[in-house]
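Q: Hi! Could you walk me through this model? I have a few quick things to ask.

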Amino acid sequence: MKSTKEQISVFLEKCDELTTCKFIMATTKIKDLLKCIVNSPELYGLFDKVTKDFNYVEQKSKCLISGSASFTGKVVLPQTIGQRLAFIFCLLVEFDRDTINLSEFLQVYFREDGSYFESYKAFCNTIIVGLADLVKQVFKEQLEETDDVEANGGKSQLISSILLTVEAEKEFVASAVAKDEAESAFKMLDALCNAVKDGNEELIDALICGYNYFVLYHRCVSDNVATLIEFIAEFEKLL
């Protein structure tokens with residue numbers, strides 16, 4: 001099986017092919033990109049996780065702002081990494097199934113000067129380049145590793161899993177408690193991510209203990225917390 005770095009590199013190549021191909025080949029290249037995700041255990045796991053509780057219909061109504069005769073429609077991507085990944089993935093699936101026609105979509109949301117060339121270019125810069133950048137961010141540690149380190153990349157994979165779980169937890173907390181309380185939680189979770197990246201075991205333990213107290217106090221315990229604790233326990237064994 002290909003290493004994580006190799007899987008992500010192939011995916012990024014497919015993104016590049018999609019952004020540089022002629023518009024007439026776009027739907028074929030989208031299909032190739034989706035096949036790449038399905039055939040990559042790391043990417044399949046990532047998109048399976050972010051789409052698990054994702055309400056695409058609801059987000060679609062918020063993200064796709066239709067145009068009119070007087071102004072061009074626009075796409076407003078979700079704020080968090082997990083929701084952005086999920087939205088773009090679901091949108092590409094719709095293009096692949098032709099439940100949304102790509103040509104019509106471009107003319108509504110990326111009208112530009114009216115030409116398919118400029119519309120497709122703007123679409124790729126926002127959607128495809130955006131997708132590639134998000135995946136690079138999630139797998140940043142693995143992409144920076146040398147081949148020797150990649151062979152023993154369990155630690156980096158756990159870091160990515162922790163960071164992604166934290167993103168999911170942020171989304172949950174934002175809807176579960178008041179804004180000022182959520183901001184306090186975000187600070188702890190961001191500090192936890194930094195401590196994990198630095199390998200600071202003592203600080204990790206203190207922050208996860210503090211966050212556990214926070215969710216118990218506010219009665220907002222999600223499944224993410226148990227998953228996060230499991231990942232951290234596995235991660236600390238490697239420190």
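What follows is a chat about pockets, cores and salt bridges.

Q: Before we start, what kind of model is this?
A: Happy to help! This is a predicted model.

Q: Okay, pockets. How much space lies in the largest pocket?
A: The largest pocket holds about 670 Å³ of space. It has 22 lining residues, and K49, D53, A168, E171 and N224 are the closest to its centre.

Q: Which elements give two or more residues to that lining?
A: Those would be α3 (41-51), α4 (56-63), α5 (81-97), α10 (154-176) and α13 (223-237). The largest share is from α10, with seven residues.

Q: And how does the lining of the largest pocket divide into nonpolar, polar and charged residues?
A: Six are nonpolar, eight are polar and eight are charged.

Q: Nice. What volume does the second largest pocket have?
A: Its volume is about 340 Å³. The lining of this second pocket has 15 residues, and those nearest its centre are I81, Q137, L163, E167 and K197.

Q: Which elements give two or more residues there?
A: For the second largest pocket they are α7 (116-138), α8 (140-144), α10 and α11 (179-198). Here, too, α10 has the largest share, with seven residues.

Q: How many residues of that second lining are nonpolar, polar and charged?
A: The second largest pocket is lined by seven nonpolar, two polar and six charged residues.

Q: Let's switch to the inside. How many residues are in the largest nonpolar core?
A: There are 51 residues in the largest nonpolar core. The members that touch the most others are F11, L85, F87, F105 and F123.

Q: Which helices supply at least two residues of this core?
A: You can trace it through α1 (4-20), α2 (26-39), α3, α4, α5, α6 (102-109) and α7. Of these, α7 gives the most, with 11 residues.

Q: You mentioned L85. What does L85 touch, not counting residues up to four places away in sequence?
A: With those neighbours left out, L85 touches L46, F47, V50, L131, L134, V135 and V138.

Q: What about the second, separate core?
A: That one has 24 residues, including A182, F214, V215 and C220.

Q: New topic: how many salt bridges does the structure hold?
A: The structure holds six salt bridges. One of them joins the side chains of K31 and D96, at 2.8 Å from N to O.

Q: What does the K31 and D96 pair tie together?
A: K31 lies in helix α2 and D96 in helix α5, so this salt bridge ties together parts that are 65 residues apart in sequence. K31 is partly exposed, with a relative accessible area of 36%, and D96 is partly exposed too, at 29%.

Q: How about D190 and K170, what distance do you have for that salt bridge?
A: The D190 and K170 side chains meet at 2.5 Å, N to O. D190 is in helix α11 and K170 in helix α10, 20 residues apart, and the pair links distant parts of the chain.

Q: Is K170 buried or exposed?
A: K170 counts as buried because its relative accessibility is 16%, under the 20% cut-off. D190 counts as partly exposed, at 34%.

Q: And where do E234 and K237 lie?
A: Both lie in helix α13, three residues apart, about one turn of the helix. They form a salt bridge with the closest N and O atoms 3.1 Å apart. E234 is partly exposed, with a relative accessible area of 39%, whereas K237 counts as exposed at 60%.

Key
Residues are numbered from 1 along each chain as its sequence is written. This is a predicted model: local features need pLDDT of at least 70, side-chain atom pairs count only at pLDDT 80 or more; totals for chains, interfaces and linings use all residues. Side-chain values use heavy atoms; hydrogens and water are left out. On a 1 Å grid over the protein atoms alone, a cavity is a set of points where a 1.4 Å probe fits but cannot get out, and a pocket is an open set with protein on both sides within 12 Å along at least five of seven lines; lining residues have an atom within 4 Å of a point. Grid points are joined across faces, edges and corners, and a volume is the space filled by probe spheres set on the points. Helices (H or I, at least four residues) and strands (E, at least two) are DSSP runs, numbered from the N terminus. Ala, Val, Leu, Ile, Met, Phe, Trp, Tyr, Cys and Pro count as nonpolar, Asp, Glu, Lys and Arg as charged, and the others, Gly among them, as polar. A nonpolar core is a set of buried Ala, Val, Leu, Ile, Met, Phe, Trp, Tyr and Cys residues joined through side-chain atoms within 4.5 Å. Buried means under 20% relative accessible area, exposed over 50%, partly exposed in between (1.4 Å probe, protein chains only). Contact means heavy atoms within 4.5 Å. A salt bridge is a side-chain nitrogen of Lys or Arg within 4 Å of a carboxyl oxygen of Asp or Glu.
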